[in-house]
Amino acid sequence: MPPSPHVSPVDARSRVPHARVSPFGAAVVCASAALVLLILVAVHWSPLMTLDRTVAVALHRSALAEPGLVRANRILTDWVWDPWTMRALIAGAVVVLWWRGARAPAVWVAVTTVLSALLQQGLKTAVGRERPQWLHPVDSAHYAAFPSGHAMSATVTCGLLLWLLRRHGAGRRVWWPALVAASLSVVGVGLTRLYLGVHWLSDVLGGWLLGAALVGFAIAGFTRYERGGSAALPRRS
């Protein structure tokens, strides 16, 4: 089939394919899974608690034996993937969007990021889960454990930035490196929190799921907002 007359062959080849799963559907799945996980954590479901403890003990033993890896993980978690680093990236994206006149997505991204921080802290307070306690800790962290703030912040930030790249027509040469970097950041920050012994496995999973759900709902909401605005515009004769 020949390419559309409105799209050049070069543009058609470089365009990133659209996802088959709708953002809203993916968000509902992630939110449902996060809710189930939250309930299991709140009631201290024994199989989950056992899994959390098993993973935490195994990683802590490794960390005690590998001080070099501990230092590397602390640099990654405290600087490269720290929540404030993520917020700085979002702030930069918001400034660029505002400067380019894309005020609506700029506000949407900023509000979503703020909601993420509020939801994260609200759940930490509500659940009040204690972090792992060690006789010889390799790192320390404040506030309650569930959900992981690092994992949730990285998921929201990377998800929103990828969405912005897609919105602005990023080609494959930009999209795939960005996707790889985002995936490494989201997975990597969760692993650093586990390796340093400051979170349980279910904390990190909760952060990932909640962050993905929030991004999905944000994208779906903005898409509906745009469609509503387009429908309200008068048609030209």
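1. Helices here are DSSP runs (H or I) of at least four residues, numbered from the N terminus. With that in mind, isoleucine 39 can be placed in helix α2, which covers residues 23-42. Please keep in view throughout that this is a predicted model.

2. On the overall make-up, the protein has nine helices and zero strands, and its elements, read from the N terminus on, run α-α-α-α-α-α-α-α-α. Of its 237 residues, 39% count as buried. If we take the contacts between residues at least 6 apart in sequence, 79% of them join residues at least 24 apart.

3. Returning to isoleucine 39, its relative accessibility is 46%, and it therefore counts as partly exposed, the class that lies between buried (under 20%) and exposed (over 50%). Isoleucine 39 also shows how sequence and space can tell two stories, since it stands 88 residues from valine 127 along the chain, while the C-alpha atoms of the two residues are 9.6 Å apart.

4. The next point concerns two helices that pack against each other, namely α5 (residues 83-99) and α6 (residues 103-127), whose axes are 8 Å apart and meet at an angle of about 160 degrees. Because angles over 145 degrees count as roughly antiparallel, α5 is described as roughly antiparallel to α6. The crossing of α5 past α6 is left-handed.

5. Which residues make the contact between α5 and α6? From α5 come Arg87, Ile90, Val94, Leu97 and Trp98, and from α6 come Arg103, Pro105, Ala106, Val107, Val109, Ala110, Thr113 and Ala117. Sorted by class, this contact of α5 with α6 has 10 nonpolar residues, one polar residue and two charged ones.

6. I turn now to charged pairs. Side chains of opposite charge can pair when their charged atoms come close. In the whole structure, a search finds four salt bridges, and the points below take up several of these pairs.

7. Arginine 74 forms a salt bridge with aspartate 139, with 3.5 Å between the closest N and O atoms. Since arginine 74 lies in helix α4 (residues 67-80) and aspartate 139 in the loop between α6 and α7 (149-167), the pair ties together parts that are 65 residues apart in sequence. Are these partners buried or partly exposed? Arginine 74 is partly exposed, at a relative accessible area of 36%, whereas aspartate 139 is buried, at 13%.

8. Aspartate 203 pairs with arginine 129 in a salt bridge whose closest N and O atoms are 2.7 Å apart. This pair links distant parts of the chain, with aspartate 203 in helix α9 (residues 201-232) and arginine 129 in the loop between α6 and α7, 74 residues apart. Both aspartate 203 and arginine 129 are buried. The two also belong to a network of salt bridges, in which Asp52, Arg129 and Asp203 are linked.

9. Glutamate 226 forms a salt bridge with arginine 167, the closest N and O atoms being 3.1 Å apart. Here too distant parts of the chain are linked, with glutamate 226 in helix α9 and arginine 167 in helix α7, 59 residues apart. Glutamate 226 counts as partly exposed, at 33% relative accessibility, and arginine 167 is likewise partly exposed, with a relative accessible area of 34%.

Technical notes: Residues are numbered from 1 along each chain as its sequence is written. This is a predicted model: local features need pLDDT of at least 70, side-chain atom pairs count only at pLDDT 80 or more; totals for chains, interfaces and linings use all residues. Side-chain values use heavy atoms; hydrogens and water are left out. Axes are lines fitted to C-alpha atoms, for helices over the stretch in contact, and angles run from 0 to 180 degrees between N-to-C directions. Angles under 35 degrees count as roughly parallel, over 145 as roughly antiparallel, 65 to 115 as roughly perpendicular and the rest as oblique. A crossing is left-handed if the near helix is turned anticlockwise from the far one by less than a right angle, and right-handed if clockwise. Contact means heavy atoms within 4.5 Å. Ala, Val, Leu, Ile, Met, Phe, Trp, Tyr, Cys and Pro count as nonpolar, Asp, Glu, Lys and Arg as charged, and the others, Gly among them, as polar. Buried means under 20% relative accessible area, exposed over 50%, partly exposed in between (1.4 Å probe, protein chains only). A salt bridge is a side-chain nitrogen of Lys or Arg within 4 Å of a carboxyl oxygen of Asp or Glu.
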